[in-house]
Amino acid sequence: MQTPIIAPSVLSADFSCLRQAVELIDRSPAQWIHWDVMDGHFVPNITFGMPVIKALRPFSDKKFDVHLMIENPGRYVEAFARAGADLITVHYEAATHLHRLMQQVKKAGKQFGVAINPATPVACLEDIIPYADLVLIMSVNPGFGGQEFIPVALEKIRRLKTMIDLLNPSCLIEVDGGINDQTAPLAVEAGARVLVAGSYVFGHSDPLQAIQTLLTAGQ
């Protein structure tokens, strides 16, 4: 198995010290930085938006993996692209016209990702996978950090892997929610390539060691 891509989520960082959190990830072996954008409508929580991402973009050259848990994502794609997102992931459940959203993201010069909630079947993605750079499987119900991994996500990852191998082998599978030293190897074995981890990294006594542990999940 390949070494996973680790994308620490700043959702679990101390919001009064976000610059320090970004700089910590930047000097770590993690490859990406994950931004959970929440609007208080699509999910009950509210986090941060374009101004925060723009302000912190200068402090890391790593990929900014921006996960939009918001209603009407098409209204904000260009703004997040300008703010410094490298990859923009929208939710299938929030997209009335998903193909059009994909075109918006690509026109903005960014990679396109699509996410699905725990109760959404992977079969609904069949027609968008050929155009996607990434599919995000939510292994918790979106909206809050610190939740426990939902085991059914593993079977969803396996089914998705089969679809991707057939339709778009270059598309990455990302998993977000409850990722730690126990669940990360299971997710990688099932077919995930990108691991999002918030509480496990920023709740750890040594965040850099936590990231290093996750990098061994494929071994």
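Two strands pair if DSSP finds at least two bridges between them. The model used in these exercises is predicted.

**Exercise 1. The sheet**

Task: State in what order the 8 strands of the open sheet are arranged, and find its edge strands.

Solution:
- Step 1. Recall the principle. Strands of a sheet pair through backbone hydrogen bonds, either parallel or antiparallel.
- Step 2. Read across the sheet. The order is 1-8-7-6-5-4-3-2, and the pairing is parallel.
- Step 3. Look for strands that pair on one side only. These are strand 1 (5-8) and strand 2 (32-38).
- Step 4. Add the twist. On average, neighbouring strands are turned by 25° against each other, direction ignored.

**Exercise 2. One edge and one helix**

Task: Find the bridge partner of D36 in strand 3. Then place helix 4 against the sheet.

Solution:
- Step 1. Strand 2 runs parallel to strand 3 (residues 63-69), and 7 bridges join them.
- Step 2. Within strand 3, H67 is the bridge partner of D36.
- Step 3. Helix 4 (residues 98-107) packs on the sheet and touches strand 4 (87-91) and strand 5 (111-116). The direction of helix 4 makes about 145° with that of strand 5.

**Exercise 3. Strand 7 and its partners**

Task: Trace the bridges on each side of strand 7. Is strand 7 largely enclosed or open?

Solution:
- Step 1. Strand 6 and strand 7 run parallel, joined by 5 bridges. Here I137 stands opposite V175.
- Step 2. Strand 7 and strand 8 (residues 194-197) also run parallel, with 3 bridges. V175 stands opposite L195 in strand 8.
- Step 3. Count burial. Strand 7 has 5 residues and 4 of them are buried, so the rest of the structure largely encloses this strand.

**Exercise 4. A loop residue**

Task: Decide whether N117 is buried or exposed, and list its contacts beyond four places in sequence.

Solution:
- Step 1. Locate N117. The residue is in the loop between strand 5 and strand 6 (134-138).
- Step 2. Apply the cut-off. Buried means under 20% relative accessible area. N117 has 16%, so this residue is buried.
- Step 3. List the contacts of N117, leaving aside neighbours within four places: F42, H91, E93, M138, P142 and K156.

**Exercise 5. A pocket**

Task: Describe the lining of the second largest pocket.

Solution:
- Step 1. The volume of the second largest pocket is about 260 Å³.
- Step 2. Its lining has 14 residues, and Q2, K161, G191, A192 and R193 are the closest to the centre.
- Step 3. Helix 5 (152-167) and strand 7 (172-176) each give two or more residues to this lining. Helix 5 gives the most, with 3.
- Step 4. Sort the lining by class: 9 nonpolar, 2 polar and 3 charged residues.

Conventions. Residues are numbered from 1 along each chain as its sequence is written. This is a predicted model: local features need pLDDT of at least 70, side-chain atom pairs count only at pLDDT 80 or more; totals for chains, interfaces and linings use all residues. Side-chain values use heavy atoms; hydrogens and water are left out. On a 1 Å grid over the protein atoms alone, a cavity is a set of points where a 1.4 Å probe fits but cannot get out, and a pocket is an open set with protein on both sides within 12 Å along at least five of seven lines; lining residues have an atom within 4 Å of a point. Grid points are joined across faces, edges and corners, and a volume is the space filled by probe spheres set on the points. Ala, Val, Leu, Ile, Met, Phe, Trp, Tyr, Cys and Pro count as nonpolar, Asp, Glu, Lys and Arg as charged, and the others, Gly among them, as polar. Axes are lines fitted to C-alpha atoms, for helices over the stretch in contact, and angles run from 0 to 180 degrees between N-to-C directions. Contact means heavy atoms within 4.5 Å. Buried means under 20% relative accessible area, exposed over 50%, partly exposed in between (1.4 Å probe, protein chains only).
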